[in-house]
Amino acid sequence: MPHLTSRDPDQLWTSGQWMTERSGGSDVSGTATVARHDGGDWRLWGTKWFTSAVTSEVALTLARPEGSPEGSAGLSLFLVEQRRADGTRNGIRILRLKDKLGTRALPTAELALEGCRAEPVGDLGRGVKKITPLLNITRLHNAISACGMMARLLQLLRDYARRRVAFGSPLARKPLHRETLAALQVEYEAALALTFDCARLLGKVEAGEASEEERATLRLLTPLCKLLTARQAVAVASEALEGFGGAGYVEDTGLPVWLRDAQVLPIWEGTTNVLSLDALRAVAREGVLEPWAGQAARRLEALASSPLAEGAREMRRRIEEAPRALGALAAAGPEVAESAGRRIALSLAGLSAAVALAEQGAWALAHGRGERAALAAERWLAQRVPELPSADEATARLAASAALSGLAE
Ligand SMILES: Cc1cc2nc3c(=O)[nH]c(=O)nc-3n(C[C@H](O)[C@H](O)[C@H](O)COP(=O)(O)OP(=O)(O)OC[C@H]3O[C@@H](n4cnc5c(N)ncnc54)[C@H](O)[C@@H]3O)c2cc1C
């Protein structure tokens, strides 16, 4: 632990998490890595198919102790040190580095675990449950990366717009170019507000100061925040490159790397669909919707006398409507709710971002900190928060999508 929290470059360690195998990353139930108790030590045998930061000193990984049942239930969590005390590799062979679209600064490897010594984390069993807190942190970090990428691209775009002259004046003076950048800024402001809301809640949980309502809200917001911000980063990176014209497509400007790097954000740490289904499960089985709606309603109530009161009323209407709409979707059957999962998630994520952004906007106005966040909140709510699908519409769409996808039996 001291190595993992150290800020001293000579002392600090980084950590990986090796879950994905050939059989799957979203679905780890087919994990084939075996853990054997051998001469007092646990040793792991298997192949890990995607291991990022293979330069890290330690990693958390899943393995099936010999004799454990099939499926996710038989998995346990182990801590692996990549090297032994004498500096030699701890029974870990790098089969190859992945040849990736982006994130090339980060080596991602396929690894063979050939009797690598490992330490069980706590008692054996409940491996997937035990690694979940780590995923919550990496998902928040994913969102922070998404915000960082958007911020940097917007800075570069603004700089370019002031210098690049087309049709007799700088791009910065073209109303339509300004409109394009404004739309990107709205994405960034919403992403940042939602991400910081999650960071605030995670901080409270870690400090032991979170209420049950806050814990439940964080449970729902974590997958929503990750999935929304990752998609925003890809869309913003694509639009940003276009904003540089041909230069955005040419490697020596250093710009294409942003799009390549952004594209991983919706894939690792849970794809959009996988996280949408995770959010649906949290709603259906963990009762997180009411606490989420309760805290949102109170925060919006506090905006009743602010310049954002009208938007706050509209958000409240939609949030109060959510439990009934989701109940109707669930009643229409598991396939209907599942097929609408992504739209449900994007709607709840959009509303969550709207609440955080409106709060930020009102605060900034009240404290003389500019109108940007308030303007962004109004536009986000008006244009970027999809309505929850109705049960009838989702039911009709289920059959049509089976045909449209080309995958109907
Ligand atoms: C650069 C990079 C680095 C990585 N580093 C690591 C690492 O360090 N450690 C690690 O453990 N993993 C790592 N991964 C793996 C990554 O986490 C997985 O690739 C990711 O979780 C997706 O899993 P999968 O590849 O099995 O895709 P699949 O699960 O096969 O998904 C394929 C598609 O099916 C969809 N899908 C899957 N299930 C459902 C469902 N039930 N309903 C609807 N749609 C569904 C997905 O959304 C996706 O679009 C890395 C991946 C990349 C690209």
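By class, the shell around the ligand consists of eight nonpolar, 13 polar and two charged residues. In this classification, Ala, Val, Leu, Ile, Met, Phe, Trp, Tyr, Cys and Pro count as nonpolar, Asp, Glu, Lys and Arg as charged, and the others, Gly among them, as polar. The model is predicted: local features need pLDDT of at least 70, side-chain atom pairs count only at pLDDT 80 or more, and totals for chains, interfaces and linings use all residues. Residues are numbered from 1 along each chain as its sequence is written.

**The ligand shell**

Of the 23 residues around the ligand, Gly25, Ser26, Phe50, Ser52 and Thr271 come nearest. A residue is near a molecule if its C-beta atom, placed from the backbone, lies within 6 Å of it. At least two residues of the shell are supplied by each of β1 (15-18), β3 (41-51) and α6 (272-286). Such helices (H or I, at least four residues) and strands (E, at least two) are DSSP runs, numbered from the N terminus. Because domain 1 (13-125) and domain 2 (129-396) both give residues to this shell, the ligand lies between them.

**Domains and overall form**

The domain bounds come from an automatic or database domain assignment. The C-alpha centres of domain 1 and domain 2 lie 33 Å apart. Eleven residues of domain 1 are in contact with ten residues of domain 2, where contact requires C-beta atoms, placed from the backbone, within 7 Å. The side of domain 1 that touches domain 2 has six nonpolar, five polar and no charged residues.

The protein chain contains twelve helices and nine strands. Its C-alpha trace spans about 70 × 55 × 50 Å along the principal axes. For 409 residues, a compact globule would have a radius of gyration near 22 Å, and the 23 Å of the protein chain agrees with this. That radius is taken over C-alpha atoms, and the globule rule is 2.2 Å times the number of residues to the power 0.38.

**Burial and cores**

Of the 409 residues, 37% count as buried. A residue is buried if 20 or more other C-beta atoms lie within 10 Å of its own, exposed if 12 or fewer, and partly exposed in between. In soluble globular proteins, nonpolar side chains tend to be buried together. A nonpolar core is a set of buried Ala, Val, Leu, Ile, Met, Phe, Trp, Tyr and Cys residues joined through C-beta atoms within 7 Å. In the largest core, of 84 residues, Ala354 and Leu357 touch the most other members. Helix α4 (residues 212-243) gives the largest share of this core, 14 residues. A second, separate core of 18 residues includes Ala35, Val54, Leu62 and Phe78.

**Individual residues**

Alanine 183 and arginine 379 are 196 residues apart in sequence, yet their C-alpha atoms are 8.6 Å apart in space. Alanine 53 and phenylalanine 167 each have a positive phi, although alanine 53 is not a glycine and phenylalanine 167 is likewise a residue other than glycine. Most residues other than glycine have a negative phi. The table places these residues in the chain and gives their C-beta neighbours within 10 Å.

| Residue | Location | C-beta neighbours within 10 Å | Class |
|---|---|---|---|
| Alanine 183 | helix α3 (residues 175-206) | 15 | partly exposed |
| Alanine 53 | loop between β3 and β4 (58-65) | 15 | partly exposed |
| Phenylalanine 167 | loop between β8 (165-166) and β9 (169-170) | 7 | exposed |

How values were computed. Contact = placed C-beta atoms within 7 Å.
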